[in-house]
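Me: Please take a close look at one part of this model, the salt bridge in its last helix, and then set that part against the rest of the chain.

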Amino acid sequence: MATGIETAGLILAAFPLVISALEHYENGFQVIREWIRFKGEFAAFLNALIRQRIFFRQNVEELLGPIVTSEYDMSVLLDNPGGEAWADETLNARLRQRLPGKYEYESYATTVSYILETLHKLMAKLKIAEGR
């Protein structure tokens, strides 16, 4: 293992090499800069999407909590998104009762439809087949 002073010497030796390489690769630098910016923006986008997934799941749990009769049934729903349990008309009827106001259920349905449409557009851009 190098001592502190040896490390400082290695750093001093590396600077001219890096500077020289950058001078010779000036054209490539723009590509590198764009890649670094893209990588940062991509990471931020992915992180935001993961957070939205967490928020949406928490919202669904809170919304369904009073109308799903058991932890097992809730687990079946949450662990199998898009599964048969989601098509249960009784569950939908209970949700309508939970959102009884004039516009509550319609607003909910519009919002989740918009989210799904947005995810389908993203899946199409990423060439992801539905169900995968």
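Reply: In this predicted model, the side chains of glutamate 117 and lysine 121 come together in a salt bridge, with an N to O distance of 3.4 Å. Both residues belong to helix α5, and because they are 4 residues apart there, about one helical turn separates them. The two partners fall into separate exposure classes. Glutamate 117 has a relative accessibility of 42%, so it counts as partly exposed. Lysine 121 has 52%, and since exposed means over 50%, lysine 121 counts as exposed.

Helix α5 spans residues 104-125. Beyond the salt bridge, this helix has a part in the largest pocket, which has a volume of about 1800 Å³. A total of 44 residues line that pocket, and those nearest its centre are Phe56, Pro81, Ile115, Leu116 and Leu119. Helix α5 gives 15 residues to the lining, the largest share. Two or more lining residues also come from each of α2, α3 (71-79) and α4 (89-98). Sorted by class, the lining consists of 28 nonpolar, 9 polar and 7 charged residues.

Just past this helix is lysine 127, which lies in the segment after α5. Its phi is near 55°, a positive value in a residue that is not glycine. Lysine 127 has a relative accessible area of 71%, so it is exposed.

The salt bridge in α5 is one of 3 that a search of the whole structure finds. The other pairs to consider are in helix α2, which covers residues 26-64. Arginine 37 and glutamate 41 form a salt bridge through their side chains, at 3.5 Å from N to O. These two residues are 4 apart within α2, or about one turn of the helix. Arginine 37 counts as exposed because its relative accessibility is 52%, while glutamate 41, at 47%, counts as partly exposed.

Further along the same helix, arginine 57 and glutamate 61 form a salt bridge in which the closest N and O atoms are 3.4 Å apart. Here too the spacing is 4 residues in helix α2, so the partners are about one helical turn from each other. Glutamate 61 is partly exposed because its relative accessibility is 34%. Arginine 57 has a value of 36%, so it is also classed as partly exposed.

Helix α2 also contains phenylalanine 29. This residue belongs to a nonpolar surface patch of about 990 Å², together with Ile32, Trp35, Ile36, Phe38, Phe42, Leu46, Ile50, Ile54 and Phe55. Phenylalanine 29 is partly exposed because its relative accessible area is 36%. Patch residues must have over 30% relative accessible area, so phenylalanine 29, at 36%, meets that cut-off.

A second pocket lies elsewhere in the chain. The second largest pocket holds about 150 Å³ of space. Its lining is made up of Ile67, Val68, Thr69, Asp73, Val76, Leu77, Ala85, Asp88, Thr90, Leu91 and Arg94. The elements that contribute two or more of these residues are α3 and α4. By class, this lining has 6 nonpolar, 2 polar and 3 charged residues.

As for the chain overall, its secondary structure amounts to 5 helices and 0 strands. Along the sequence, the pattern reads α-α-α-α-α. Of the 132 residues in the protein chain, 10% are buried.

To return to the part you asked about, glutamate 117 and lysine 121 are joined by a salt bridge at 3.4 Å, within the helix that supplies 15 residues to the lining of the largest pocket.

Definitions and conventions:
Residues are numbered from 1 along each chain as its sequence is written. This is a predicted model: local features need pLDDT of at least 70, side-chain atom pairs count only at pLDDT 80 or more; totals for chains, interfaces and linings use all residues. Side-chain values use heavy atoms; hydrogens and water are left out. Patches are made of residues with over 30% relative accessible area and no salt bridge: like charges are joined within 9 Å, nonpolar side chains (Val, Leu, Ile, Met, Phe, Trp, Tyr) within 5 Å. Accessible areas come from the Shrake-Rupley method with a 1.4 Å probe; for residues, only the protein chains shown count as cover. A salt bridge is a side-chain nitrogen of Lys or Arg within 4 Å of a carboxyl oxygen of Asp or Glu. Buried means under 20% relative accessible area, exposed over 50%, partly exposed in between (1.4 Å probe, protein chains only). On a 1 Å grid over the protein atoms alone, a cavity is a set of points where a 1.4 Å probe fits but cannot get out, and a pocket is an open set with protein on both sides within 12 Å along at least five of seven lines; lining residues have an atom within 4 Å of a point. Grid points are joined across faces, edges and corners, and a volume is the space filled by probe spheres set on the points. Ala, Val, Leu, Ile, Met, Phe, Trp, Tyr, Cys and Pro count as nonpolar, Asp, Glu, Lys and Arg as charged, and the others, Gly among them, as polar.
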